[in-house]
Every structure is written in C-alpha cells, then in structure tokens.
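Please open the model in your viewer and keep the selection tool at hand. The tour below proceeds stop by stop, each beginning with a selection.

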Amino acid sequence: TGRFGATSRWSKSVVAKLLYGSAFKAPSPFLLYSAPLRPGDVEGNAKLNPQTIHTLEYQMSWKPSQFFGLTSGVSYNWLLDKAEFTPQGINQAARNVASQRTLTWETRLDAKHYNDYALYLSAEYVHSIRDLGQEGYAAQLVGTGAVIYPSFISRGGLMLAIPSPRSVPLAAGVEGTFVGPRRAADTSVIENGKPFDLKPYFLLDV
C-alpha cells in the first residue's frame with residue numbers, strides 16, 4: 001500500500017490537492033472458513049486473496065476570508081479482487097471474481113462569524129458500477145448498480161451561541177440530512193424476484 005499527495009496554492013485563497021492512495025483488506029473468517037450446512041449453502045475458501053483498492057482524488061478549496069469557505073472534490077476508486085460467493089457445484093463458493101468502480105463528487109460550504117454562529121451545507125453524489133464476475137439469472141437480476149449506499153446525500157447544519165457565562169459557553173445546533181434512494185442488497189433483490197430501491201428519508205437532529 002502507499003499514498004502520494006501534491007498541493008498547489010494558486011492564490012492566497014485558492015488551494016488545489018491531488019491525492020493517490022492504495023489499501024488492502026484481508027478476507028473475513030466467514031469468507032475463508034464457512035462450511036455448508038445444507039445443499040446451496042455457502043462454502044469458504046482459505047486461498048482467497050486480499051481485496052485491494054486504488055483511489056485518485058482531486059480537491060479544490062476557496063477561502064476568501066476566515067468567515068467563508070467552499071470546498072469541492074472528485075474521486076475515483078478501483079476495487080479489485082472483491083470476494084463473492086458464486087455457484088460451484090451444489091453450493092456457493094467464495095472466489096476473488098468481482099470488481100467495482102466508483103466515482104464520487106463532494107462539495108461543502110461553510111460560513112461563520114467568530115463564535116456567534118456557524119452554518120454549513122454539503123452534498124455528495126456517488127456513481128458506482130460492479131462486475132460480479134458471474135453469469136446467469138441471478139447476475140442479470142441484481143445487475144451492475146451499487147447496493148446499500150445511496151447515490152445522493154445532502155446535509156445542512158446551523159449552530160448558534162446562547163447567551164451564557166463566559167466560563168460556561170453554550171450553543172444550540174440543528175442538522176438536517178436528506179438521504180436519497182438506494183438499491184436493495186443482492187439477496188433481497190433475488191428474494192423479491194426483481195430489482196427495487198429503498199425509499200429516500202430525512203433525518204433532523206437538534
């Protein structure tokens with residue numbers, strides 16, 4: 001694994017960053033040592049390779065004053081040797097057959113006035129494509145779209161100082177989060193007999 005970064009200050013208020021990193025994750029005991037209890041069950045593979053990921057990210061930030069800042073970045077991830085349970089005989093055996101590519105765009109705006117108040121707005125978009133390394137009905141049913149993680153999330157928050165003794169400063173805050181629709185897990189799609197998405201939702205924290 002390794003990591004590399006380059007930073008360039010274009011002006012007093014504009015900074016650009018280019019980052020590259022790689023990492024690995026060892027297979028879980030479930031993937032390595034599962035034993036089938038009945039026909040069609042999963043079977044581990046002690047010879048699995050680690051999953052590896054490569055990430056390339058470019059980010060720019062603009063901070064014209066101490067009270068305002070805007071940051072935006074785009075990243076691309078290559079996930080290789082992803083372990084999946086695939087049909088082998090009468091069971092599902094773990095193999096390093098899958099891969100995934102993900103493009104992400106994140107933007108955040110911050111505004112504040114000393115310790116009087118602080119405001120932020122952020123949004124992130126995620127587009128991901130999987131290659132399951134499989135063929136047949138199940139592979140066609142689940143498709144190549146990403147699962148579990150939503151394609152869009154936005155957040156907004158506000159913090160206000162409350163009149164209080166200087167030795168015990170108090171503040172009140174509120175944060176709202178909107179989570180877009182996300183594709184159901186593969187097992188749920190197969191059980192349902194057709195693809196479906198989980199509904200978007202909103203969270204409010206005070």
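The model shown is predicted. Begin on the surface by selecting F4, W10, L18, Y20, L56, Y58, V74, W78, L80, L103, W105 and Y125: together these residues form a nonpolar patch with about 1,100 Å² of accessible area. Next, colour the strands β2 (14–25), β4 (51–65), β5 and β6 (91–113), the elements that each give two or more residues to the nonpolar patch. The largest share, 3 residues, comes from β5.

Remain on strand β5 and select W78, which lies in it. Is W78 buried or partly exposed? W78 is partly exposed, because its relative accessible area is 32%, and the range for that term runs from 20% to 50%.

Now turn to the interior. Select L31, L32, V42, L48, A83, F85 and A94, the 7 residues of the largest nonpolar core. Two elements, α1 (29–33) and β5 (68–88), give two or more residues to this core. Centre the view on V42: apart from its neighbours within four places in sequence, V42 is in contact with F30, S34, A35, P36, F85 and Q92. A second, separate core has 5 residues, among them L132, V142, A184 and V189.

For the last stop, display strands β7 (residues 117–131) and β8 (residues 152–162), which run antiparallel and are joined by 9 bridges. Select E124 to find I153 of β8 standing opposite. Then add strand β9 (residues 170–179), which is antiparallel to β8 and joined to it by 10 bridges. Here, R155 stands opposite T177 in β9.

Terms used. Residues are numbered from 1 along each chain as its sequence is written. This is a predicted model: local features need pLDDT of at least 70, side-chain atom pairs count only at pLDDT 80 or more; totals for chains, interfaces and linings use all residues. Side-chain values use heavy atoms; hydrogens and water are left out. A nonpolar core is a set of buried Ala, Val, Leu, Ile, Met, Phe, Trp, Tyr and Cys residues joined through side-chain atoms within 4.5 Å. Buried means under 20% relative accessible area, exposed over 50%, partly exposed in between (1.4 Å probe, protein chains only). Helices (H or I, at least four residues) and strands (E, at least two) are DSSP runs, numbered from the N terminus. Contact means heavy atoms within 4.5 Å. Patches are made of residues with over 30% relative accessible area and no salt bridge: like charges are joined within 9 Å, nonpolar side chains (Val, Leu, Ile, Met, Phe, Trp, Tyr) within 5 Å. Accessible areas come from the Shrake-Rupley method with a 1.4 Å probe; for residues, only the protein chains shown count as cover. A salt bridge is a side-chain nitrogen of Lys or Arg within 4 Å of a carboxyl oxygen of Asp or Glu. Two strands pair if DSSP finds at least two bridges between them.
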